[in-house]
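Dear colleague,

I am handing over the structure we spoke about, and I would be grateful if you could look through it before reading my notes.

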Amino acid sequence: MKRKATLIRIFGYLLQHKRQLAFILSLSFLGNLLALAGPRLSGTAINLIAEGMDGSMDLPGVYKYAAFMLLFYVSSSLMSYAVNVSMITLSRRITYTLRKDTFNHLVTLPVSFFDGTTTGDILSRISYDIDTINTSLSTDVVSILASFITIFGSLMMMLRLSSMLVLVFVITIPLSILITRFITTRTNPLFRLRSRKMGELNDFAEEKISGMKTLKAYHQEGSVTGQLDALNGEVVQAYYKSEYYSSITGPSVSFVNNLSLSLISVFGGLLYMSGGVQLGGLAIAGMTIGGISSFIMYSRKFAGPINEIANIFSELQSALAAADRVFSLLDAPLESADAPD
């Protein structure tokens with residue numbers, strides 16, 4: 001529930017730039033549609049080659065589809081580049097606004113807040129945590145938006161090619177979701193711990209550096225170095241555990257995707273060789289070589305974004321943990337106004 005509220009507040013900052021966000025979404029949608037046309041064109045070209053193996057190949061038709069593929073893929077790449085540049089610009093504006101709001105709120109807080117909150121922790125939230133949010137906005141948001149468009153478009157195209165082969169994903173997709181959910185529910189607390197330990201380290205370093213003259217006067221260099229080593233070790237362990245356990249997600253989902261690809265290849269080959277099968281009262285149409293090729297390409301496009309989303313979940317969790325710390329600072333109660341008398 002807390003993560004949902006944090007996401008809503010982050011999107012509130014995104015919605016402050018509605019026009020630029022609408023431009024990014026439109027360009028991303030169009031670019032992904034052009035990329036999704038490629039496998040279908042490739043399958044059609046392969047069918048023309050297969051039909052012309054007796055010497056009557058329609059080479060002009062093959063060249064035409066190849067030219068369209070090149071045009072669509074190049075256009076899609078240019079649009080993807082424009083989307084990435086625009087999203088980086090947008091994330092910088094949001095980061096500027098977020099850091100400005102945080103500082104403006106900070107200077108209105110009562111003295112009691114600073115008595116109970118260390119300087120290093122405050123600096124960590126303004127610098128490290130907001131930078132983490134910026135990194136996630138500039139890369140992860142674009143990736144997730146493009147992934148959902150690709151997943152939905154690929155599914156529609158696969159249903160048109162063979163609804164029977166799509167049943168393979170009835171098994172593999174829930175399995176991928178269960179694996180991702182199982183891992184992320186256990187790694188989210190690790191990312192919160194990582195942000196907290198980083199704040200403690202920054203606080204310790206700021207305090208000791210500001211009191212360096214006193215430390216040297218009392219010959220406490222060795223003691224402070226030992227304390228720093230201990231804190232630094234805790235930060236390293238927090239980073240290691242969060243990254244280690246979250247990195248399991250990608251390979252696990254990749255294994256499931258490769259399993260689905262193997263099943264599609266086998267059943268698609270059977271449908272091609274049999275020319276179609278009769279299952280009870282249901283007639284299942286056969287597939288062409290080009291149809292199988294297109295379906296496999298769409299299945300990779302369908303499974304690839306799922307794997308990509310799984311890989312960036314660790315970065316999203318890190319960004320959400322950082323956002324929690326920033327918003328908790330923004331939610332700190334202001335200093336009470338003086339009484340009129």
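Below I set out what was found, going from one residue to the cores and then to the rings.

Please keep in mind that this is a predicted model, in which local features need pLDDT of at least 70 and side-chain atom pairs count only at pLDDT 80 or more, whereas totals for chains, interfaces and linings use all residues. Residues are numbered from 1 along each chain as its sequence is written, and side-chain values use heavy atoms, with hydrogens and water left out.

I begin with T95, which lies in helix α3, residues 59-106 (helices are DSSP runs of H or I with at least four residues, and strands are runs of E with at least two, numbered from the N terminus). T95 counts as buried because its relative accessibility is 7%, where buried means under 20% relative accessible area, exposed over 50% and partly exposed in between, with a 1.4 Å probe and protein chains only. The side chain of T95 reaches the backbone oxygen of S91 at 2.7 Å, and a polar contact of 3.1 Å joins the side chains of T95 and N134 (a pair of N or O atoms within 3.5 Å; within protein, one must be able to donate a hydrogen and the other to accept it, and residues adjacent in sequence count only if both atoms are side-chain atoms).

As for the largest nonpolar core (buried Ala, Val, Leu, Ile, Met, Phe, Trp, Tyr and Cys residues joined through side-chain atoms within 4.5 Å), it has 24 residues, and those touching the most other members are L14, M87, L90, L98, I133, L137 and F327. Helices α1 (2-14), α2 (18-51), α3, α5 (119-161) and α11 (289-330) each supply at least two residues of this core. Apart from it lies another core, of 19 residues, among them L165, I173, I264 and I309.

Turning to the rings, there are four aromatic pairs, where rings of Phe, Tyr and Trp (its six-membered ring) pair if their centres lie within 6.5 Å, and planes under 30 degrees apart count as stacked, over 60 as edge-to-face and the rest as tilted. One of them is the stacked pair of Y13 and F327, at 6.5 Å centre to centre with 15° between the planes; the pair links helix α1 with helix α11, across 314 residues. Both Y13 and F327 are buried. Y240 and Y244 are also stacked, because their ring centres are 5.6 Å apart and their planes lie at 20°.

With best wishes
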